[in-house]
Amino acid sequence: MKPKEGDPQKRAKREGATEKELTRVNRILQTLYQCNHALVRATDEHELLHSVCQILVEVGGIRLAWVGVCEDDPQKTVRPVAMAGHSLDYVENANISWSDETDRGRGPTGIAIRSGKPYWAKDFLADPTLAPWRAAAVAHGYASCVALPLVMHGTRLGVMNLYAEKPNAFNETSIQQYTDLANNLAYGVTALRTQEQRKRAEEALRNSEQRLLDIVDNTTSVIFVKDLELKYLLINKEYERRYHVRRDEVRGKTDFDLHSRQTAEAVRTNDREVIASGEPKQFEEWVPAEDGDRFYLSSKFLLRDSSGQPYAVCGIATDITLRMETELELRRTEEAMREAQAALTHVSRVTAVGELAASITHELNQPLTGVISNSHACLRWIETTPPNLEEVRQGVERTLRDGTRAAEVIAKIRSLLRRTTVEMAPVNINDAIQEVVALAQPEVRKNQVKLRIDLDPALPCVTGDRVLLQQVILNLLINGIEAVAPVEREYRKLQISSHRSDPAAVRIAVSDTGVGIGEKSFDDISKAFFTTKPNGMGMGLSISRSIVTSHGGHLWAEPNPDRGTTFQFTLPLSTEEKE
Ligand SMILES: Nc1ncnc2c1ncn2[C@@H]1O[C@H](COP(=O)(O)OP(=O)(O)OP(=O)(O)O)[C@@H](O)[C@H]1O
Ligand SMILES: [Mg+2]
């Protein structure tokens with residue numbers, strides 16, 4: 001029997017059902033409204049998911065709401081990331097997967113994720129997919145659920161699960177509405193993730209840019225970047241400091257705006273060279289600053305875009321002014337030292353010759369007296385009638401001989417006193433010795449020294465400066481004379497010898513039987529300014545040693561077994577003369 005339309009009881013029941021449905025719809029709308037509101041304001045993914053779950057429970061009357069994300073681990077775990085409602089430990093222990101190879105992956109969550117469509121379990125007691133969780137779900141008071149996939153552009157993000165305490169709690173309409181919510185949520189999560197990624201990328205970029213700027217601005221080098229038309233793009237702090245320009249003012253300017261015309265042209269020529277060749281290059285550049293001239297070692301190279309196209313020229317300039325000045329100063333000092341050394345060598349030589357002066361002067365008197373007396377005699381022979389020409393001829397010959405002897409002595413002294421520059425040439429060492437001995441001869445005689453000369457006639461030439469080598473021999477000879485002068489006459493012996501010490505060298509030795517050097521070593525007595533003589537300078541040996549060393553030879557002294565000392569030096573033979 002059909003109930004009558006007008007049955008008040010039934011109408012009331014019908015109206016009650018409609019009202020319930022209205023409340024339900026209203027609730028869903030409220031829920032969706034608040035969820036969407038949360039979505040719009042969201043700044044953090046976790047916070048968003050959590051508040052959506054909470055709204056679903058508190059406003060939507062859902063018993064349990066949770067969101068899980070798909071892990072890419074071997075078990076294909078669905079990891080819960082947000083939840084709200086009753087008995088949350090159920091979710092924590094649910095151990096759900098999205099793999100279709102396990103029972104736990106074939107429940108509503110797994111199905112929804114794999115199919116990309118909502119799965120609606122109307123009754124937990126009846127739905128076979130819920131077998132693994134049934135007991136726990138029933139115990140926690142869940143009777144039905146809907147699993148909504150969170151998918152964005154085909155990417156499985158996860159799932160949103162809603163549980164109700166009654167079976168059949170969802171219908172087509174509500175599921176459609178929750179699906180819309182799930183889609184919005186997936187969109188929101190993706191947007192937040194994209195935003196987060198962008199933020200991180202921006203921060204990383206900012207950090208790396210800042211780091212680069214920190215390097216550029218904390219170095220003591222001067223750094224610039226100019227475009228290919230040589231207009232400034234960037235300068236570093238050191239550039240700003242040195243040339244009183246600001247980074248923001250310099251953009252678009254050229255070197256002509258910052259430096260003198262000459263400087264600008266010079267640095268731009270170098271810039272252009274790098275642009276033309278495309279190769280990095282180093283230049284020495286001179287860029288005056290307010291505090292004076294500045295020299296730089298500038299490394300210049302091109303900057304290229306990702307396609308390899310050059311867009312700028314960069315320079316890193318290191319200030320080498322101090323280094324250059326120090327080097328210049330060092331060179332000046334070395335030059336001054338060389339000059340001083342040469343001057344000292346010369347002075348020492350003049351002194352050594354000076355020591356011979358008295359006896360040489362005496363020695364010169366002899367031939368000069370001869371010249372004068374012979375000339376007088378000649379005059380006399382000319383004045384006789386007839387003039388005795390034979391006598392005149394002999395007289396003139398004697399005059400010539402004496403004059404030549406005197407001239408020779410003077411020439412030798414002059415050559416010793418003359419120049420200070422070093423001239424390397426082949427030197428016949430025996431001739432050089434003979435000349436020095438000739439000069440020292442008067443002094444030898446004066447001191448009644450017995451001098452033996454023992455020179456090897458087969459000695460080849462050495463390469464050297466004749467005057468300097470003669471200075472060494474003279475120093476040793478004078479020292480020898482001075483060493484024997486104070487001892488008894490029978491021990492005033494001196495010997496000078498030369499011989500081939502080995503195939504590659506000659507050795508010259510000056511040996512005396514004088515006072516000896518006692519306990520002192522050669523190093524001691526050859527130190528500059530070491531002297532035991534009242535009028536000595538103490539430079540003779542020191543200078544002799546440096547002359548011999550500069551000729552590649554070696555000077556040393558040894559006490560003689562009986563008495564006195566032998567000073568000797570070697571000189572290397574030039575390669576052609578070695579056998
Ligand atoms: N043949 C020698 N026998 C003993 N002592 C010597 C001999 N030659 C040098 N000496 C010692 O070495 C010292 C240094 O000799 P060196 O020739 O350098 O200077 P000096 O002869 O004193 O002065 P000068 O600079 O005028 O030559 C001498 O003062 C002397 O004490
Ligand atoms: Mg001396």
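**Helix packing, domains and the surroundings of ligand 1**

Helix 1 and helix 2 run roughly antiparallel to each other, and this pairing is a convenient place to enter the structure, which is a predicted model. Helix 1 covers residues 8–41 and helix 2 covers residues 45–58, and the two pack at an angle of about 165 degrees with their axes 9 Å apart. Because angles over 145 degrees count as roughly antiparallel, the angle of about 165 degrees between helix 1 and helix 2 places the pair in that class. The crossing of helix 1 and helix 2 is right-handed.

Helix 2 also has a second partner to consider, helix 6, which spans residues 172–218. The axes of helix 2 and helix 6 come within 9 Å and cross at roughly 160 degrees, which makes helix 2 roughly antiparallel to helix 6. This crossing, of helix 2 with helix 6, is right-handed. Helix 2 is thus described by two packings, one with helix 1 and one with helix 6.

Another helix pair is found further along the chain, where helix 11 (321–383) meets helix 12 (389–417). Helix 11 and helix 12 pack at an angle of about 165 degrees, and their axes are 8 Å apart, so that helix 11 is roughly antiparallel to helix 12. The crossing of helix 11 and helix 12 is left-handed. The residues that make up the contact of helix 11 with helix 12 divide into 18 nonpolar, six polar and six charged. In the loop between helix 11 and helix 12 lies P386, and the peptide bond that joins T385 and P386 is cis, with an omega of about -10 degrees.

The domain assignment offers a broader view of the chain, for it gives domain 1 as 14–195, domain 2 as 216–319, domain 3 as 338–421 and domain 4 as 423–579. Taken over C-alpha atoms, the centres of domain 2 and domain 3 are separated by 73 Å. Individual pairs of residues show how separation along the sequence and separation in space relate in this model. I275, in helix 10 (residues 261–277), is 38 residues from V313 in sequence and 7.1 Å from V313 in space, C-alpha to C-alpha. I275 counts as partly exposed, because 17 C-beta neighbours lie inside 10 Å. For A407, which lies in helix 12, the pairing is with R193: A407 and R193 are 214 residues apart in sequence and 109 Å apart in space, again from C-alpha to C-alpha. A407 is exposed, with 11 other C-beta atoms within 10 Å.

Two residues that are not glycines have a positive phi, and each of them sits in a loop. S87 has a phi of about 50 degrees and is found in the loop between strand 2 (78–85) and helix 3 (89–94). With 16 other C-beta atoms within 10 Å, S87 is partly exposed. Helix 3, which follows that loop, contains D89, and D89 counts as exposed because it has 9 C-beta neighbours inside 10 Å. D89 and H140 are 51 residues apart along the chain, and their C-alpha atoms are separated by 9.6 Å. The second residue, F529, has a positive phi of about 70 degrees although it is not a glycine, and its place is in the loop between helix 15 (522–525) and helix 16. F529 counts as exposed, with 9 C-beta neighbours inside 10 Å.

Helix 16 leads on to the ligand, since it is among the elements that supply residues to the ligand's surroundings. Ligand 1 is surrounded by 24 residues, of which the closest are N479, T531, G536, G540 and L541. Helix 11, helix 14 (466–484) and helix 16 (540–550) each supply at least two residues of this shell. The largest share of the shell around ligand 1 comes from helix 14, which contributes four residues. Sorted by class, the shell holds eight nonpolar, 14 polar and two charged residues. Helix 11 therefore appears in two settings in this account, being roughly antiparallel to helix 12 and also supplying at least two residues of the shell around ligand 1.

Terms used:
Residues are numbered from 1 along each chain as its sequence is written. Chains are lettered from A and ligands numbered from 1 in the order in which they are written. This is a predicted model: local features need pLDDT of at least 70, side-chain atom pairs count only at pLDDT 80 or more; totals for chains, interfaces and linings use all residues. A residue is near a molecule or strand if its C-beta atom, placed from the backbone, lies within 6 Å of it. Ala, Val, Leu, Ile, Met, Phe, Trp, Tyr, Cys and Pro count as nonpolar, Asp, Glu, Lys and Arg as charged, and the others, Gly among them, as polar. A residue is buried if 20 or more other C-beta atoms lie within 10 Å of its own, exposed if 12 or fewer, and partly exposed in between; C-beta atoms are placed from the backbone. Domain bounds come from an automatic or database domain assignment. Axes are lines fitted to C-alpha atoms, for helices over the stretch in contact, and angles run from 0 to 180 degrees between N-to-C directions. Angles under 35 degrees count as roughly parallel, over 145 as roughly antiparallel, 65 to 115 as roughly perpendicular and the rest as oblique. A crossing is left-handed if the near helix is turned anticlockwise from the far one by less than a right angle, and right-handed if clockwise.
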